[in-house]
Amino acid sequence: MRYLCVVLLALSSLSMSPKPNWLKIQLNGAAQGTTYHITYYAPDSTVSQDQIDSILHQIDNSLSIYQPQSLITRFNQSTTGITMDHHLKTVVQQSLQTCKQTNGIFDITILPLVQAWGFGPAKAENLPDEATIKNLKSCVNSRYLRIKGNRLLKRKPCVQIDVNGIAQGYSVDVLASFLEGRGVNNYLVELGGEIRVKGQKQPGNEKMKIGIEAPSDDEFEPSMIQKILVVNQGAITTSGSYRKFHESEGKKITHIIDPRTGYPTQNELISVTVYARDAMTADAFDNALMVMGLKNALQWVEKRKDLAAHFIYRTPNGAVADTASASFYKLLQR
């Protein structure tokens with residue numbers, strides 16, 4: 001999904017005229033309910049759009065809760081579990097690790113709550129009451145999942161999983177790995193606002209640049225880009241509470257649900273942008289940080305050497321402001 005604070009900069013290259021042995025190749029398409037954009041530099045066109053579309057289709061057949069025949073749908077409809085493919089196993093293993101690292105804040109067994117609050121493929125028509133939330137929470141906890149070889153097993157038949165909080169980041173990593181496997185080492189992959197980069201723009205060896213919009217007093221209005229990340233390797237992803245939501249009974253309901261309470265997250269954070277070594281890691285943690293709230297999230301990130309984060313939040317007087325971890329500021333173009 002595309003968020004307000006992260007956009008790819010279309011900056012004019014200041015390098016010399018293109019050399020004959022370098023091509024700038026761009027691939028654009030639609031997938032996973034959003035769009036993707038890939039730019040890579042190579043002597044020839046080694047990766048085609050058909051190949052990219054085929055990879056994303058395979059991932060959807062494994063991880064999409066909106067595909068009735070996908071592996072994840074089959075798991076959710078089963079009473080005991082299923083045999084996983086490589087995609088589902090990788091994402092579930094990473095999700096369980098993230099769950100432990102965040103003390104249960106990131107939990108893929110959250111699907112029953114997500115649907116109860118009006119999101120996902122089986123949306124509830126009315127807001128859930130306290131009794132409904134309590135009942136659904138009895139099915140929400142990653143300890144009810146067990147991996148045995150290639151089998152993903154349920155300890156309770158009611159357990160259902162939703163990997164949307166990590167799947168797009170994983171998809172970006174799969175595409176990046178495919179590019180590298182084809183000998184491409186200078187690229188930018190973007191899917192729904194989740195980005196991974198490696199190398200430089202060619203032929204001038206110019207570093208990749210990602211723009212972050214400055215916050216405005218109205219988070220629904222577009223802003224001017226005032227911060228630029230300059231990186232030659234890594235991933236940047238964003239989670240936000242202001243784009244994916246709906247209103248019911250006069251209340252704004254965000255899609256970011258706290259599995260500990262069963263209710264949509266309500267705190268000062270508007271969006272969180274995370275930089276990590278890969279997009280799957282960044283994607284999982286940007287959701288968890290949104291749930292933590294500004295103070296706890298910033299303290300948590302500062303203890304991690306492998307992550308950096310930027311926060312846009314609303315102050316007590318209603319103004320929109322931003323801050324970041326110390327390691328994130330080091331990534332900014334001076």
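Across which strands does helix H8 lie, and at about what angle does H8 run to S18? In this predicted model, helix H8, formed by residues 294-302, lies across S17, S18 and S19. Its direction is at about 170° to S18.

The strands beneath this question belong to an open sheet of eight strands, paired in antiparallel fashion. Their order is S2-S3-S7-S8-S12-S17-S18-S19. Strand S2 (23-31) and strand S19 (320-324) occupy the edges; each has a single partner strand, so one side of each is left without a neighbour in the sheet. On average, neighbouring strands of this sheet are turned by 10° against each other, direction ignored.

Within the sheet, strand S17 (residues 269-276) and strand S18 (residues 308-314) run antiparallel and are joined by six bridges. In this pair of strands, Val274 stands opposite Ala309 in S18.

A separate element of the architecture is the packing of two helices, H1 and H3. Their axes come within 8 Å and cross at roughly 65°, and the crossing in which H1 passes H3 is right-handed. The residues that meet are listed below.

| Helix | Residue range | Residues in the contact |
|---|---|---|
| H1 | residues 49-63 | Gln58, Ile59, Ser62 and Leu63 |
| H3 | residues 86-101 | His87, Leu88 and Val91 |

By residue class, the contact of H1 with H3 comprises four nonpolar residues, three polar residues and no charged residues.

Notes. Residues numbered from 1 in each chain as written. Predicted model: local features only at pLDDT ≥ 70, side-chain atom pairs only at ≥ 80, totals over all residues. Heavy atoms only, no water. Pairing = 2+ DSSP bridges. Helix = DSSP H or I, 4+ residues; strand = E, 2+ residues; numbered from the N terminus. Axes fitted to C-alpha atoms, helices over the stretch in contact; angles between N-to-C directions. Contact = heavy atoms within 4.5 Å. Left-handed = near helix turned anticlockwise from the far one by under 90°. Nonpolar A, V, L, I, M, F, W, Y, C, P; charged D, E, K, R; others polar.
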